[in-house]
Amino acid sequence: MSNLVIVESPAKAKTIKKYLGKGFDVVASMGHVRDLPEKRLSVDIKHDFKPKYEIIKGKEKTVDELCARAKKSEKIFLATDPDREGEAISWHLAYILGLNLEDNNRVTFNEITKNGIGNGMKNPRSIDIDLVNAQQVRRILDRLVGYKLSPFLCKKICKGLSAGRVQSVALRIIVDREEEIRKFVPDEYWTIEASLIPHGARKHFTALFYGDENGKIEIKDEKTAKEIIKSLEGSEYTISNLKKGKRKRSPAPPFITSTLQQESSRKLGFQAKRTMKVAQELYEGLEIENMGAVGLITYMRTDSLRISEDAIKEGREYILKTFGEKYLPKEPRRFKTKANAQDGHEAIRPTMPEMNPEKVKNNLSSDQYKLYKLIWERFTASQMSDCIHSTTQAAISAGKYIFKASGYTVDFDGYTALYVEGSDVEQEKEKALPELKEGMLLKLKSLEPNQHFTQPPPRYTEASLIKTLEKNGIGRPSTYAATISTITAREYVIREAKVLKPTELGETVTKLMKDKFSKIVNLKFTAQMENELDTVEDGKCDWVEILKDFYGDFEKTLEKAKESMKDVKIELEENKTDLICELCGKPMVIKRGRFGKFIGCSGYPECKNIKKIINKTGAKCPKCGGDVISRKSKRGRIFYGCSEYPKCDFISWDEPIDEKCPNCHKQLFRKNTKKPKIYCATEGCGYEKVEENGKS
């Protein structure tokens with residue numbers, strides 16, 4: 001008889017089987033096998049919120065196979081992922097297989113490597129019921145909110161809507177930002193830029209007007225700017241004060257789940273869902289030449305910055321060998337984990353620091369290589385020396401006024417030789433200044449006034465939204481990908497050039513939630529609730545009491561909302577059309593069904609007339625002259641095709657526009673990148689221009 005090891009995925013099973021060898025049968029449960037059924041609440045509210053679990057539809061065969069293998073096995077090990085969700089899956093498997101919860105049959109692997117699996121198998125434990133309860137209380141709480149609130153939203157707005165404990169708060173954050181943008185009133189301000197050349201030098205540098213000896217002067221209009229420039233006529237420009245210094249820049253810590261999602265969005269353009277899918281593949285194991293199946297990174301759902309001593313040692317050895325002694329700090333770097341972090345696992349790092357991305361590039365897909373490279377570089381750079389700058393700040397006197405200039409030079413690149421952390425906002429680049437001395441006379445090359453207007457706060461990107469959710473303690477990093485996917489799938493939010501913009505539907509849902517369920521979408525309340533849920537994992541709080549405290553108030557609020565909106569139906573402008581039903585003469589409206597939007601008669605159910613929605617772009621097909629329409633791929637990406645398909649096979653990821661090329665008079669296209677551009681696709685033409693009023 002062999003020992004049975006149950007994991008979640010076939011890829012993980014294959015990698016682990018390689019290391020365990022003979023005497024072990026490694027099989028996959030394919031994720032959860034038991035859960036709350038989808039089509040009903042399945043929570044007994046009157047009896048301490050007892051969940052009514054069932055075998056997930058379609059998993060019956062998997063469960064039968066697991067039971068059959070378990071009967072033939074000498075010992076069973078539950079090796080699902082090392083987190084709350086994994087613990088819950090092991091608990092459900094133990095129930096189905098009739099295992100004793102007190103037995104030491106639970107093993108966890110922080111990394112799918114020989115050492116990681118060996119250590120896990122040497123240290124089996126019993127199932128952590130506090131971890132299981134932490135997952136259960138979240139699952140039940142989200143089920144209560146979703147199943148009680150969603151029907152209310154569907155009845156008052158339109159079918160197909162949903163609400164959720166975390167998704168509704170995430171949506172509110174996006175909607176609140178949109179309201180800020182609408183209400184924003186730009187303020188005019190001016191700057192004065194002096195282009196100056198040091199005595200005997202050829203290259204100029206730029207200094208900005210600061211003020212006078214009494215302090216900074218704000219220039220609000222053109223008149224003031226011109227008055228200052230006039231008063232500067234004939235003035236000598238002299239360096240009145242010069243400060244030189246050194247500045248150290250330290251590397252960012254290795255990734256945790258949230259920072260991986262943010263940086264992957266910034267640098268790779270990956271959505272959070274895509275990042276986590278690829279990270280899971282890197283963790284579970286991939287076929288590497290001359291090595292077989294091996295996990296390349298540690299577990300990717302973590303909020304800890306802890307790094308094992310072995311990994312630090314291996315990382316430092318690689319840095320010394322590859323970059324040299326200057327790039328290796330005297331002492332290893334250790335990073336402090338946030339106070340409310342679980343600290344159950346290490347930070348996300350390569351399992352073998354010496355395995356640089358180029359060594360495995362040929363064995364990885366494009367996405368796997370890009371993400372592994374990002375993780376590897378971030379970890380390696382985190383153990384490298386500081387970057388050192390020489391900084392210069394110059395104050396320049398001109399008449400009664402002062403200009404200022406600053407710059408730096410890199411004395412030692414340190415960790416930046418390998419990796420520089422991305423940013424959500426475009427950083428102004430400091431330029432190196434020429435050699436300057438106090439009292440030096442400067443020649444004025446030009447003096448230019450520039451008009452500016454204050455800008456509204458930017459719309460959220462996935463990266464900045466995740467950062468905001470984490471900062472406010474909303475949800476947990478492992479839930480962010482699912483949260484963003486839900487609000488986009490429900491069409492509460494659309495993506496435009498990487499930013500998240502709320503739809504009318506999203507704004508209407510948020511307004512209703514703020515009016516009637518203010519607690520549910522209150523950031524502080526949600527964060528406080530999250531902290532309470534964490535106490536269950538620590539064994540400090542009874543999960544049933546948390547549910548009782550929440551549900552009593554929630555139920556009263558829901559009943560009050562139903563009563564106050566008894567005869568109210570909210571109509572959306574975006575649902576109206578100018579079409580008239582040819583069968584009954586009533587207006588046609590946009591509706592939502594199981595398979596997306598369609599046009600239906602407002603006289604339903606008496607009149608059941610329906611039509612497909614065709615999204616015309618206004619452009620004509622460059623092949624046949626038909627209408628160009630926008631469509632969505634299976635992955636939700638927008639593409640463009642001819643309305644005459646299949647007669648015409650024209651298709652394009654870039655949008656054809658109703659404009660002809662000024663050079664060759666052929667069709668022009670719009671590429672919706674960060675800076676949208678118009679271009680001609682005709683071979684040999686080469687016409688293109690940046691779109692001034694781009695979509696963003």
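What covers the buried residues of helix 16? In this predicted model, the cover includes helix 3, helix 5 (residues 129-156), helix 6 (residues 167-183) and helix 17 (residues 543-564). The buried residues of helix 16 are Phe 525, Thr 526, Ala 527, Met 529, Glu 530, Leu 533, Asp 534, Val 536 and Glu 537. Helix 16 itself comprises 15 residues, 523-537, for which a rise of 1.5 Å a residue predicts a span of 21 Å; the end C-alpha atoms lie 22 Å apart, in agreement with that value. At the start of helix 16, the backbone nitrogen of Lys 524 is approached to within 3.0 Å by a side-chain oxygen of Asn 522. After helix 16 comes Gly 539, which has a positive phi near 75°.

Helix 2 spans residues 60-71. With 12 residues at 1.5 Å each, the expected span of helix 2 is 16 Å, and the separation of 17 Å between its end C-alpha atoms agrees. Thr 62, Val 63, Leu 66 and Ala 70 of helix 2 are buried. Viewed down the helix axis, the buried residues of helix 2 fall within an arc of 95°, and therefore line one face of the helix. The face turned away from this buried side carries the exposed residues Lys 61, Asp 64 and Lys 71. The buried residues of helix 2 are covered by elements including strand 1 (residues 3-7), strand 2 (residues 24-28), strand 6 (residues 54-55), strand 7 (residues 75-78) and helix 3 (residues 84-97).

Two buried positions were examined in this part of the chain. Ser 29 is located in the loop between strand 2 and strand 3 (residues 34-35). Its relative accessible area is 0%, so Ser 29 is buried, the cut-off being 20%. Leaving aside residues up to four places away in sequence, Ser 29 touches Ile 6, Val 7, Glu 8, Lys 59, Thr 62, Leu 66, Ile 89 and Leu 93. Among these contacts, Thr 62 and Leu 66 are buried residues of helix 2. The side chain of Ser 29 also reaches the backbone oxygen of Gly 31, at 2.8 Å. Between the C-alpha atoms of Ser 29 and Ile 96 the distance is 12 Å, with 67 residues separating the two in sequence.

Leu 78, in strand 7, is likewise buried, with a relative accessible area of 0%. Apart from residues up to four places away in sequence, the contacts of Leu 78 are Ile 6, Ser 90, Leu 93, Ala 94, Leu 99, Asn 105, Arg 106, Val 107 and Ile 127. Ile 6 and Leu 93 are touched by Leu 78 and also by Ser 29. The C-alpha atom of Leu 78 lies 56 Å from that of Glu 691, a residue 613 places away along the chain.

The structure contains 15 aromatic pairs. One of them is formed by Tyr 53 and Trp 91, edge-to-face, with 6.1 Å between centres and 80° between planes. Tyr 53 is in the loop between strand 5 (residues 50-51) and strand 6, and Trp 91 is in helix 3, so that this pair links distant parts of the chain, 38 residues apart. Tyr 53 counts as buried at a relative accessible area of 15%, as does Trp 91 at 16%.

Phe 209 and Phe 403 form another edge-to-face pair, with a centre-to-centre distance of 5.6 Å and an angle of 85° between the planes. Because Phe 209 belongs to strand 9 (residues 205-212) and Phe 403 to strand 15 (residues 401-412), the pair ties together parts that are 194 residues apart in sequence. Phe 209 is buried at 9% relative accessibility, and Phe 403 is buried at 0%. In addition, Phe 49, Phe 550, Tyr 551 and Phe 554 make up one aromatic cluster.

Further along the chain, strand 20 (residues 587-593) pairs with strand 21 (residues 596-601) in the antiparallel sense, over 6 bridges. Within this pairing, Ile 590 has Ile 599 of strand 21 as its bridge partner. Strand 21 is also joined to strand 22 (residues 610-611), again antiparallel, by 2 bridges. Here Gly 600 stands opposite Ile 610 of strand 22.

Definitions and conventions. Residues are numbered from 1 along each chain as its sequence is written. This is a predicted model: local features need pLDDT of at least 70, side-chain atom pairs count only at pLDDT 80 or more; totals for chains, interfaces and linings use all residues. Side-chain values use heavy atoms; hydrogens and water are left out. Two strands pair if DSSP finds at least two bridges between them. Helices (H or I, at least four residues) and strands (E, at least two) are DSSP runs, numbered from the N terminus. The expected span of a helix is 1.5 Å times one less than its number of residues. Buried means under 20% relative accessible area, exposed over 50%, partly exposed in between (1.4 Å probe, protein chains only). The arc is that of the directions from the helix axis to the C-beta atoms. Contact means heavy atoms within 4.5 Å. A polar contact is a pair of N or O atoms within 3.5 Å; within protein, one must be able to donate a hydrogen and the other to accept it, and residues adjacent in sequence count only if both atoms are side-chain atoms. Rings of Phe, Tyr and Trp (its six-membered ring) pair if their centres lie within 6.5 Å; planes under 30 degrees apart count as stacked, over 60 as edge-to-face and the rest as tilted.
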